Structure formats: structure tokens, C-alpha cells
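Visitor: I want to know what stands behind each label. Please show me the structure, and then we can go through the terms.

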Amino acid sequence: NLRVSTGVQSADYADKNAVVLNEFYDNAREQTLKDYDWNFANSYKELALTGNIPQNPKFLYEYDYPNDCLSAREILPYTDNDDIIEFEIASNASGQKVINTNQVPAVLRYTKLVNNETFFTSEFVTVLSWYLAFLAAPAITGNRNIQNDCLTIYNAMTARAKMLNASEGYIKTPERCSWFDCR
């Protein structure tokens, strides 16, 4: 992706390019996972109450933030008729990252940190490679134009990958009419 003539033979190979790519890999993987609600990284967890009262008076309950959570997507409603559940990510008085909401119990749908590359889809790998190239371009090529090109291609590939990712699975959502809600 960086248009360099010598490729990296292995992630353990100790040349300059491998060192730079290894330096940026974890950041690129986490950012690419956060950028979209990837199916393979989708996870659910019943949250544990901290026992503290949230600092934000708008919310009644404070929950521990899951250790493997990269991006909290939604608190699941109890029934199909429930509205979207409000929540916020905050730091509590102890400095811990927490989730505040008015729902108890609360089940969080989130993007989890996936370290095992065998779970990655081919679309995700392509998108990840372009983001990694974007981050590494200045150190490997010294060319900001190549870096800009990598970001442009990353954005285009992300749009395509989102479309392919979204076409997997089907969940029927009940249709609600405003006249029905008024009754």
C-alpha cells in the first residue's frame, strides 16, 4: 500500500519497515475496529453495577465499563416496544471508566477488542492495511502525499466494507406507527 519496492517478509523481521509497522499495528487495529460496528467484533455483556451513584444527576445507575470494550454501541431495551436507551460513558469519582444509564439490569452491545486475526474478515483486513499504511507512511516513505492517498483509499474501502458487513444477518424490527403510539 505504501508503494515501496521491498516488502516486509514477516512481522518479526527486524528491518526498519517491520519495526515501524509493528509500532503502529495495535493502534491501527483498535482504531479500525472502533470506526465501524463490525459483525465479527460484536459482543454482548450484562453490566455489573458499581454500587456508586452516578455523578451526572440525569442517570440513576452506574455500571463498570467492560475491559474488552472498544466502543459501546447500545444498551438493549427490555422489549421491542421500548425506545432507545440513553447512556453515557464517563469517569466516576475514582477515575474509573463507567457507563451511566437509567436501565437496570443493563445489557450492553459493544465492539470488543479482537486480537485473534483469524476472526478478521477479508474486508476488515483490507481496511486495516490502508489505515496502517496511513499511520506508517511518514516514517517509511517520508511522503505526505502517499499518506494522504492512503487515507483517501482507507475511507473508500471502509465505505465498501461497511456495505458488505451490513448485508450479513437479518433482524426484523417491528414497525411502530405514530397513531398506534397515541392510542
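Guide: Start with a definition. A nonpolar patch joins nonpolar side chains within 5 Å, from residues with over 30% relative accessible area and no salt bridge. Keep in mind that this is a predicted model.

Visitor: Which residues form a nonpolar patch on the surface here?

Guide: L49, Y78 and V104 form one. Together they have about 290 Å² of accessible area.

Visitor: What makes V104 eligible for a patch, and why is V104 called partly exposed?

Guide: The relative accessibility of V104 is 35%. A patch residue needs over 30%, so V104 passes on area at 35%. Partly exposed lies between under 20% for buried and over 50% for exposed. V104 therefore counts as partly exposed. Its place is in the loop between β5 and β6 (107-112).

Visitor: Why is C69 called buried?

Guide: The relative accessible area of C69 is 9%. The cut-off for buried is under 20%, so C69 is buried.

Visitor: Is C150 buried or exposed, and why?

Guide: C150 has 1% relative accessibility. That is also set against under 20%, so C150 counts as buried.

Visitor: How many disulfides does a search of the whole structure find?

Guide: The search finds 0. A disulfide needs a pair of cysteine sulfur atoms within 2.5 Å, so the result of 0 says that no pair meets this cut-off.

Visitor: Now the sheets. What makes β1 and β3 edge strands?

Guide: Take the order of that open sheet: β1-β6-β3, with antiparallel pairing. β1 (42-46) and β3 (69-75) each have a single partner strand, so one side of each lacks a neighbour in the sheet. From one strand to the next, the twist averages 35°.

Visitor: How do you know that β1 and β6 pair?

Guide: Two strands pair if there are at least two bridges between them. β1 and β6 have 5, in the antiparallel sense, so they qualify as a pair. As for residues, K45 has L108 in β6 as its bridge partner.

Visitor: What is the strand order in the other open sheet?

Guide: The order is β2-β5-β4, again 3 strands with antiparallel pairing. Its edge strands are β2 (61-64) and β4 (87-91), each pairing on one side only. The twist here averages 35° from one strand to the next.

Visitor: What makes β2 and β5 a pair?

Guide: The count is 4 bridges, antiparallel, between β2 and β5 (residues 97-101). At least two are needed, so β2 and β5 pair. Y63 stands opposite I99 in β5.

How values were computed
Residues are numbered from 1 along each chain as its sequence is written. This is a predicted model: local features need pLDDT of at least 70, side-chain atom pairs count only at pLDDT 80 or more; totals for chains, interfaces and linings use all residues. Side-chain values use heavy atoms; hydrogens and water are left out. Helices (H or I, at least four residues) and strands (E, at least two) are DSSP runs, numbered from the N terminus. Axes are lines fitted to C-alpha atoms, for helices over the stretch in contact, and angles run from 0 to 180 degrees between N-to-C directions. Patches are made of residues with over 30% relative accessible area and no salt bridge: like charges are joined within 9 Å, nonpolar side chains (Val, Leu, Ile, Met, Phe, Trp, Tyr) within 5 Å. Accessible areas come from the Shrake-Rupley method with a 1.4 Å probe; for residues, only the protein chains shown count as cover. A salt bridge is a side-chain nitrogen of Lys or Arg within 4 Å of a carboxyl oxygen of Asp or Glu. Buried means under 20% relative accessible area, exposed over 50%, partly exposed in between (1.4 Å probe, protein chains only).
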